Amino acid sequence: IYLTYNETTREWEKSEIVEMTDHIYSLFLNGETPTVTSMFIGSGKICQSRVVKKGDYYRLYCSMWTRDGGNRVIYSDDFGETWNVLGELGYENSASKWGNEPKVEELPDGTVVLSSRKYNGRYFNLFTFDDDTYTTGSWMGEVGSNEVQDGLSFGGNSTNGEIYKVKAIHKESGRICDLMFQSIPTGGGRDNVAIYYKEMEYSEDGTNKYTPETFSQDWTEGKHVSTKGSAYSTMILQADGRLGFYFEEEPGDAYSYCLVYIPYTIED
């Protein structure tokens with residue numbers, strides 16, 4: 001469904017409903033042979049590119065879990081009307097063979113970052129493009145962040161979180177920097193949701209210099225959001241410059257969740 005805001009009437013206008021299931025599954029056919037047998041897109045938000053623009057629209061990325069095919073990423077250059085698979089078909093070309101619920105983010109040179117659910121950590125992988133047409137490329141190779149020295153590691157969670165990049169100002173120097181956030185439960189299970197951050201560094205020409213291993217390292221717990229049972233989370237930059245953080249938290253019995261919204265400043 002397309003929702004379009006009418007500046008004259010100040011109302012939202014809704015398009016006809018379009019069923020996309022057959023179109024999405026057809027992307028994963030190798031001739032007549034399906035390369036996946038079921039799938040779902042990770043909850044939260046779609047990632048919109050800040051770099052890749054084709055025609056009128058900046059590209060959309062969605063990451064998904066697939067049965068038989070590992071984590072895959074699809075993209076749309078016409079604002080969701082049609083979709084394509086990022087990378088080649090086949091389990092061996094998946095973004096993560098063992099990942100569960102995934103999310104994606106983008107680096108300033110267009111590199112796509114996959115962050116996928118993993119017990120005690122995250123699966124990270126990076127997709128780099130062959131040239132500035134942003135049509136072909138490959139995944140570098142997934143790593144488990146808790147299996148890398150000084151990698152992102154926490155308790156025995158079994159949930160997804162949000163990966164999200166924002167611009168920030170370094171208070172001491174005044175320089176502008178990129179901060180990458182990763183939200184996730186940090187306790188022994190679905191509890192103690194927190195937000196980790198990592199200040200990003202790039203090559204002198206602004207291109208990516210990370211591998212999945214180095215991307216997994218040097219994260220800091222910036223905000224311990226919940227000390228109770230808590231699980232899935234997402235975030236978005238608001239018009240007022242704060243991060244709108246949205247997550248599940250128990251008011252009482254296990255898995256009896258409320259949906260909680262908290263706005264945080266970058267300073268928080």
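**Exercise 1. How many bridges join strand 11 (residues 112-118) to strand 12, and in which sense do the two strands run?**

A word on the material before we solve it: this is a predicted model, in which local features need pLDDT of at least 70 and side-chain atom pairs count only at pLDDT 80 or more, while totals for chains, interfaces and linings use all residues. Residues are numbered from 1 along each chain as its sequence is written, and side-chain values use heavy atoms, with hydrogens and water left out.

*Solution.*

Step 1. Get the terms clear. Strands (E, at least two residues) and helices (H or I, at least four) are DSSP runs numbered from the N terminus. Two strands pair if DSSP finds at least two bridges between them.

Step 2. Look at the pair. Strand 11 and strand 12 run antiparallel and are joined by seven bridges. As an example, Ser116 stands opposite Tyr123 in strand 12.

Step 3. Visit the turn. This hairpin has two residues between its strands, and Asn120 takes a positive phi near 75 degrees there.

**Exercise 2. Find the other partners of strand 12, and decide how well covered this strand is.**

*Solution.*

Step 1. Strand 12 is joined to strand 14 (residues 143-144) by two bridges, and these strands run antiparallel. Here Tyr123 has Gly144 as its bridge partner.

Step 2. Three bridges join strand 12 to strand 13 (residues 137-139), again running antiparallel. In this pair, Phe129 stands opposite Gly137.

Step 3. Now the covering. "Buried" means under 20% relative accessible area, "exposed" over 50%, and "partly exposed" in between (1.4 Å probe, protein chains only). Of the nine residues in strand 12 (residues 121-129), eight are buried.

Step 4. Connect this to the core. A nonpolar core is a set of buried Ala, Val, Leu, Ile, Met, Phe, Trp, Tyr and Cys residues joined through side-chain atoms within 4.5 Å. The largest one has 16 residues, and Phe124, Met180, Phe215 and Trp219 have the most contacts inside it. Strand 12 and strand 16 (176-185) are the elements that give two or more residues to this core.

**Exercise 3. Describe the sheet that contains strand 16, and say which strands stand at its edges.**

*Solution.*

Step 1. Write down the order: four strands form an open sheet, 15-16-17-18, with antiparallel pairing.

Step 2. Find the edges. Strand 15 and strand 18 (220-224) each have a single partner strand, so one side of each is left without a neighbour in the sheet.

Step 3. Check the twist. On average, neighbouring strands here are turned by 35 degrees against each other, direction ignored. For such angles, axes are lines fitted to C-alpha atoms (for helices over the stretch in contact), and angles run from 0 to 180 degrees between N-to-C directions.

Step 4. Zoom in on one pair. Strand 15 and strand 16 share seven bridges in the antiparallel sense, and Val166 has Leu179 in strand 16 as its bridge partner.

**Exercise 4. Compare the surroundings of three salt bridges.**

*Solution.*

Step 1. Side chains of opposite charge can pair when their charged atoms come close. A salt bridge is a side-chain nitrogen of Lys or Arg within 4 Å of a carboxyl oxygen of Asp or Glu. By this rule there are twelve salt bridges.

Step 2. Lys165 and Asp178 form one, with their closest N and O atoms 3.4 Å apart. The pair links strand 15 to strand 16, 13 residues apart. Lys165 counts as buried at 6% relative accessibility, and Asp178 is buried at 3%.

Step 3. Glu162 and Lys45 form another, at 3.9 Å between the closest N and O atoms. Glu162 lies in the loop between strand 14 and strand 15 (163-169) and Lys45 in the loop between strand 5 (38-41) and strand 6 (47-54), so the pair ties together parts that are 117 residues apart in sequence. Both Glu162 and Lys45 are buried.

Step 4. Lys209 meets Glu201 at 3.7 Å, N to O. Lys209 counts as partly exposed at 47%, as does Glu201 at 48%.

**Exercise 5. Which side chain of opposite charge is nearest to Glu248, and how far away is it?**

*Solution.*

Step 1. Place the residue: Glu248 is in strand 20 (residues 243-249).

Step 2. Lys and Arg count as positive and Asp and Glu as negative, with His and the chain ends not counted. The nearest side chain of opposite charge is Arg190, 6.0 Å away; Glu248 is buried yet has no salt bridge.
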